[in-house]
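Q: Got a minute to go through this one with me? I'd like to talk about the core and the aromatics.
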Amino acid sequence: MALDARRRFFKLLLRFGAVILTRLPFWNCFSMLMLFAERADQRRKPDIPVPYLYFDMGAAVICASFMSFGVKRRCFALGAALQLAISTYASYAGEQVHYGDWLKVRMYSRTIGVIGGFLILASGAGEIYRQKPRTRSLQSTGQVFLGIHLICVAYSLQHSKEDRLAYLNHIIGGEITLQLLFVFYAVLAFSFLSGYCVRTAAQMLSVLMPIVILFIDGNVGYWHHTRRVEFWNQMKLLGQNVGIFGAAIILATDC
(Lines give C-alpha, C1' and ligand atoms only; values in the text may rest on other atoms or scores of the structure.)
Protein backbone atom coordinates (compact mmCIF):
# COMPACT_ATOMS: atom_id res chain seq x y z
CA MET A 1 0.00 0.00 0.00
CA ALA A 2 2.76 2.43 0.97
CA LEU A 3 4.75 1.35 -2.10
CA ASP A 4 1.79 2.07 -4.41
CA ALA A 5 1.33 5.51 -2.84
CA ARG A 6 5.04 6.21 -3.33
CA ARG A 7 4.85 5.21 -6.99
CA ARG A 8 1.80 7.40 -7.59
CA PHE A 9 3.55 10.32 -5.92
CA PHE A 10 6.66 9.84 -8.08
CA LYS A 11 4.51 9.64 -11.21
CA LEU A 12 2.80 12.89 -10.23
CA LEU A 13 6.17 14.58 -9.71
CA LEU A 14 7.44 13.16 -13.00
CA ARG A 15 4.43 14.57 -14.86
CA PHE A 16 4.90 17.92 -13.09
CA GLY A 17 8.56 18.12 -14.13
CA ALA A 18 7.71 17.27 -17.74
CA VAL A 19 4.94 19.90 -17.82
CA ILE A 20 7.36 22.58 -16.61
CA LEU A 21 10.05 21.68 -19.13
CA THR A 22 7.80 21.27 -22.16
CA ARG A 23 6.10 24.64 -21.58
CA LEU A 24 9.33 26.55 -20.97
CA PRO A 25 9.81 27.70 -24.62
CA PHE A 26 6.45 29.51 -24.39
CA TRP A 27 7.74 31.52 -21.42
CA ASN A 28 11.05 32.16 -23.17
CA CYS A 29 9.25 33.58 -26.21
CA PHE A 30 6.87 35.69 -24.11
CA SER A 31 9.62 37.15 -21.95
CA MET A 32 11.79 37.85 -25.01
CA LEU A 33 8.91 39.65 -26.74
CA MET A 34 8.29 41.77 -23.66
CA LEU A 35 12.02 42.49 -23.31
CA PHE A 36 12.43 43.53 -26.94
CA ALA A 37 9.27 45.66 -26.80
CA GLU A 38 10.71 47.40 -23.76
CA ARG A 39 13.93 48.01 -25.66
CA ALA A 40 12.06 49.29 -28.70
CA ASP A 41 10.62 52.11 -26.59
CA GLN A 42 14.21 53.12 -25.80
CA ARG A 43 15.36 52.61 -29.42
CA ARG A 44 17.62 49.71 -28.48
CA LYS A 45 18.20 46.59 -30.57
CA PRO A 46 17.13 43.03 -29.69
CA ASP A 47 19.73 40.32 -29.10
CA ILE A 48 18.99 38.67 -32.47
CA PRO A 49 18.52 40.54 -35.78
CA VAL A 50 14.81 40.94 -36.50
CA PRO A 51 14.40 38.73 -39.61
CA TYR A 52 15.96 35.78 -37.83
CA LEU A 53 14.16 36.52 -34.57
CA TYR A 54 10.79 35.58 -36.08
CA PHE A 55 12.08 32.22 -37.33
CA ASP A 56 13.67 31.55 -33.96
CA MET A 57 10.48 32.21 -32.02
CA GLY A 58 8.41 30.27 -34.54
CA ALA A 59 10.65 27.23 -34.13
CA ALA A 60 10.47 27.53 -30.32
CA VAL A 61 6.66 27.71 -30.33
CA ILE A 62 6.35 24.73 -32.71
CA CYS A 63 8.68 22.58 -30.58
CA ALA A 64 6.88 23.59 -27.38
CA SER A 65 3.45 22.86 -28.87
CA PHE A 66 4.34 19.36 -30.03
CA MET A 67 6.16 18.57 -26.78
CA SER A 68 3.17 19.78 -24.75
CA PHE A 69 0.77 17.55 -26.68
CA GLY A 70 3.15 14.60 -26.43
CA VAL A 71 3.47 14.28 -30.21
CA LYS A 72 6.96 13.05 -31.14
CA ARG A 73 8.15 14.51 -27.83
CA ARG A 74 11.66 13.11 -28.13
CA CYS A 75 12.22 14.59 -31.59
CA PHE A 76 10.85 18.00 -30.70
CA ALA A 77 12.73 18.09 -27.39
CA LEU A 78 15.90 17.57 -29.40
CA GLY A 79 14.69 20.29 -31.76
CA ALA A 80 14.09 22.64 -28.82
CA ALA A 81 17.64 22.02 -27.57
CA LEU A 82 19.03 22.73 -31.06
CA GLN A 83 16.88 25.86 -31.45
CA LEU A 84 18.03 27.24 -28.12
CA ALA A 85 21.68 26.53 -28.93
CA ILE A 86 21.44 28.28 -32.33
CA SER A 87 19.53 31.20 -30.80
CA THR A 88 22.17 31.66 -28.11
CA TYR A 89 25.00 31.49 -30.64
CA ALA A 90 23.26 34.04 -32.89
CA SER A 91 22.81 36.34 -29.90
CA TYR A 92 26.46 35.97 -28.91
CA ALA A 93 27.83 36.34 -32.44
CA GLY A 94 25.55 39.27 -33.31
CA GLU A 95 26.96 41.44 -30.50
CA GLN A 96 24.00 43.80 -30.75
CA VAL A 97 23.70 44.06 -26.96
CA HIS A 98 26.60 44.15 -24.51
CA TYR A 99 26.27 42.56 -21.07
CA GLY A 100 28.61 42.53 -18.10
CA ASP A 101 30.76 39.42 -17.67
CA TRP A 102 28.90 38.33 -14.51
CA LEU A 103 25.55 38.62 -16.33
CA LYS A 104 26.87 36.66 -19.31
CA VAL A 105 27.78 33.81 -16.95
CA ARG A 106 24.26 33.85 -15.49
CA MET A 107 22.57 33.96 -18.90
CA TYR A 108 24.67 31.43 -20.78
CA SER A 109 24.91 28.98 -17.89
CA ARG A 110 21.11 28.96 -17.57
CA THR A 111 20.84 28.33 -21.29
CA ILE A 112 23.29 25.42 -21.02
CA GLY A 113 21.23 23.99 -18.15
CA VAL A 114 17.97 24.26 -20.11
CA ILE A 115 19.56 22.63 -23.18
CA GLY A 116 20.61 19.81 -20.85
CA GLY A 117 17.03 19.51 -19.65
CA PHE A 118 15.73 19.22 -23.22
CA LEU A 119 18.35 16.55 -24.01
CA ILE A 120 17.21 14.60 -20.95
CA LEU A 121 13.63 14.87 -22.19
CA ALA A 122 14.73 13.82 -25.68
CA SER A 123 16.31 10.67 -24.21
CA GLY A 124 12.89 9.41 -23.17
CA ALA A 125 13.13 10.32 -19.49
CA GLY A 126 9.95 11.78 -18.08
CA GLU A 127 7.63 9.51 -20.07
CA ILE A 128 4.92 7.88 -17.97
CA TYR A 129 4.22 5.13 -20.50
CA ARG A 130 7.51 4.53 -22.27
CA GLN A 131 7.09 2.67 -25.57
CA LYS A 132 10.75 2.75 -26.59
CA PRO A 133 13.82 2.32 -24.39
CA ARG A 134 15.42 5.59 -23.40
CA THR A 135 18.59 6.77 -25.12
CA ARG A 136 21.18 6.69 -22.36
CA SER A 137 23.74 8.64 -24.39
CA LEU A 138 21.37 11.60 -24.72
CA GLN A 139 20.54 11.48 -21.03
CA SER A 140 24.22 11.38 -20.10
CA THR A 141 24.90 14.35 -22.37
CA GLY A 142 22.04 16.26 -20.75
CA GLN A 143 23.44 15.46 -17.32
CA VAL A 144 26.84 16.82 -18.39
CA PHE A 145 25.17 20.07 -19.49
CA LEU A 146 23.48 20.33 -16.10
CA GLY A 147 26.83 19.69 -14.44
CA ILE A 148 28.42 22.52 -16.45
CA HIS A 149 25.60 24.82 -15.36
CA LEU A 150 26.22 23.94 -11.71
CA ILE A 151 29.94 24.58 -12.13
CA CYS A 152 29.09 28.07 -13.42
CA VAL A 153 26.82 28.65 -10.40
CA ALA A 154 29.63 27.58 -8.05
CA TYR A 155 32.07 29.82 -9.94
CA SER A 156 29.71 32.80 -9.58
CA LEU A 157 29.50 32.27 -5.82
CA GLN A 158 33.27 32.73 -5.67
CA HIS A 159 33.98 35.37 -8.30
CA SER A 160 30.80 37.42 -8.86
CA LYS A 161 30.13 40.03 -6.20
CA GLU A 162 26.61 40.46 -7.62
CA ASP A 163 25.72 36.82 -7.06
CA ARG A 164 27.52 36.69 -3.72
CA LEU A 165 25.52 39.65 -2.37
CA ALA A 166 22.27 38.15 -3.67
CA TYR A 167 22.92 35.06 -1.53
CA LEU A 168 24.42 36.88 1.46
CA ASN A 169 21.31 39.05 1.74
CA HIS A 170 19.12 35.98 2.31
CA ILE A 171 21.17 33.29 4.07
CA ILE A 172 21.96 32.82 7.73
CA GLY A 173 25.61 32.33 8.59
CA GLY A 174 27.10 34.73 6.08
CA GLU A 175 30.34 33.74 4.37
CA ILE A 176 30.50 30.29 6.00
CA THR A 177 27.10 29.29 4.62
CA LEU A 178 28.05 30.73 1.24
CA GLN A 179 31.16 28.54 1.12
CA LEU A 180 29.10 25.51 2.12
CA LEU A 181 26.76 26.28 -0.78
CA PHE A 182 29.76 26.53 -3.09
CA VAL A 183 30.92 23.06 -1.98
CA PHE A 184 27.37 21.73 -2.32
CA TYR A 185 27.03 22.99 -5.91
CA ALA A 186 30.50 21.63 -6.75
CA VAL A 187 29.63 18.17 -5.40
CA LEU A 188 26.35 18.13 -7.35
CA ALA A 189 28.22 19.20 -10.49
CA PHE A 190 30.70 16.36 -10.03
CA SER A 191 27.84 13.89 -9.63
CA PHE A 192 26.13 14.98 -12.86
CA LEU A 193 29.39 15.11 -14.81
CA SER A 194 30.54 11.68 -13.62
CA GLY A 195 27.14 9.99 -13.69
CA TYR A 196 27.63 8.83 -10.10
CA CYS A 197 24.60 8.99 -7.73
CA VAL A 198 22.70 11.13 -10.24
CA ARG A 199 19.29 10.39 -8.78
CA THR A 200 20.36 11.38 -5.27
CA ALA A 201 22.03 14.54 -6.58
CA ALA A 202 18.90 15.43 -8.58
CA GLN A 203 16.73 14.94 -5.49
CA MET A 204 18.96 17.26 -3.48
CA LEU A 205 18.94 19.83 -6.29
CA SER A 206 15.14 19.60 -6.49
CA VAL A 207 14.92 20.54 -2.81
CA LEU A 208 17.35 23.46 -3.11
CA MET A 209 16.11 25.04 -6.33
CA PRO A 210 12.66 26.23 -5.18
CA ILE A 211 14.39 28.16 -2.37
CA VAL A 212 16.86 29.70 -4.82
CA ILE A 213 14.10 30.56 -7.31
CA LEU A 214 11.95 32.17 -4.61
CA PHE A 215 14.54 34.14 -2.65
CA ILE A 216 17.41 34.72 -5.10
CA ASP A 217 15.89 34.90 -8.60
CA GLY A 218 12.61 36.16 -7.17
CA ASN A 219 14.34 39.16 -5.60
CA VAL A 220 13.54 41.26 -8.66
CA GLY A 221 14.15 44.52 -6.81
CA TYR A 222 17.78 43.58 -6.20
CA TRP A 223 18.50 42.47 -9.76
CA HIS A 224 16.49 45.15 -11.57
CA HIS A 225 17.05 48.25 -9.44
CA THR A 226 20.43 47.56 -7.82
CA ARG A 227 22.18 45.52 -10.52
CA ARG A 228 20.41 47.10 -13.52
CA VAL A 229 19.28 43.82 -15.04
CA GLU A 230 16.37 44.48 -17.38
CA PHE A 231 13.10 43.38 -15.76
CA TRP A 232 12.04 40.96 -18.49
CA ASN A 233 15.56 39.61 -18.83
CA GLN A 234 15.41 38.69 -15.15
CA MET A 235 11.98 37.13 -15.70
CA LYS A 236 13.46 35.05 -18.51
CA LEU A 237 16.33 33.92 -16.28
CA LEU A 238 13.88 33.05 -13.52
CA GLY A 239 11.81 30.97 -15.96
CA GLN A 240 14.91 29.15 -17.17
CA ASN A 241 15.80 28.24 -13.60
CA VAL A 242 12.27 26.85 -13.21
CA GLY A 243 12.92 24.78 -16.34
CA ILE A 244 16.15 23.42 -14.84
CA PHE A 245 14.13 22.60 -11.72
CA GLY A 246 11.76 20.60 -13.93
CA ALA A 247 14.71 18.67 -15.40
CA ALA A 248 15.99 17.96 -11.89
CA ILE A 249 12.58 16.58 -10.90
CA ILE A 250 12.59 14.27 -13.91
CA LEU A 251 16.03 12.92 -13.02
CA ALA A 252 15.06 12.61 -9.36
CA THR A 253 12.03 10.45 -10.11
CA ASP A 254 12.90 8.68 -13.39
CA CYS A 255 16.68 8.28 -13.45
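A: Sure. Contact here means heavy atoms within 4.5 Å. This is a predicted model, where local features need pLDDT of at least 70, side-chain atom pairs count only at pLDDT 80 or more, and totals for chains, interfaces and linings use all residues. Residues are numbered from 1 along each chain as its sequence is written, and side-chain values use heavy atoms, with hydrogens and water left out.

Q: OK, so what is Tyr-185 in contact with, leaving aside neighbours within four places in sequence?
A: Leu-150, Val-153, Ala-154, Leu-157, Tyr-167, Leu-208 and Val-212.

Q: And which residues touch the most other members of the largest nonpolar core?
A: Tyr-185 again, along with Phe-118, Tyr-167, Phe-192 and Ile-250, out of 70 residues. Helix H10 (residues 231-253) gives the largest share, 12 residues. A nonpolar core is a set of buried Ala, Val, Leu, Ile, Met, Phe, Trp, Tyr and Cys joined through side-chain atoms within 4.5 Å; helices are DSSP runs of H or I, at least four residues, numbered from the N terminus.

Q: Switching topic: how many aromatic pairs are there?
A: The count is 8, pairing Phe, Tyr and Trp rings (the six-membered one for Trp) with centres within 6.5 Å; planes under 30 degrees apart are stacked, over 60 edge-to-face, the rest tilted. Trp-27 and Trp-232 make a tilted one, 6.2 Å centre to centre with 50° between the planes. Trp-27 is in helix H1 (residues 2-41) and Trp-232 in helix H10, 205 residues apart.

Q: Is Trp-232 buried or exposed?
A: Buried, because its relative accessible area is 16%, and the cut-offs are under 20% for buried, over 50% for exposed and partly exposed in between (1.4 Å probe, protein chains only).

Conventions: Helix = DSSP H or I, 4+ residues; strand = E, 2+ residues; numbered from the N terminus.
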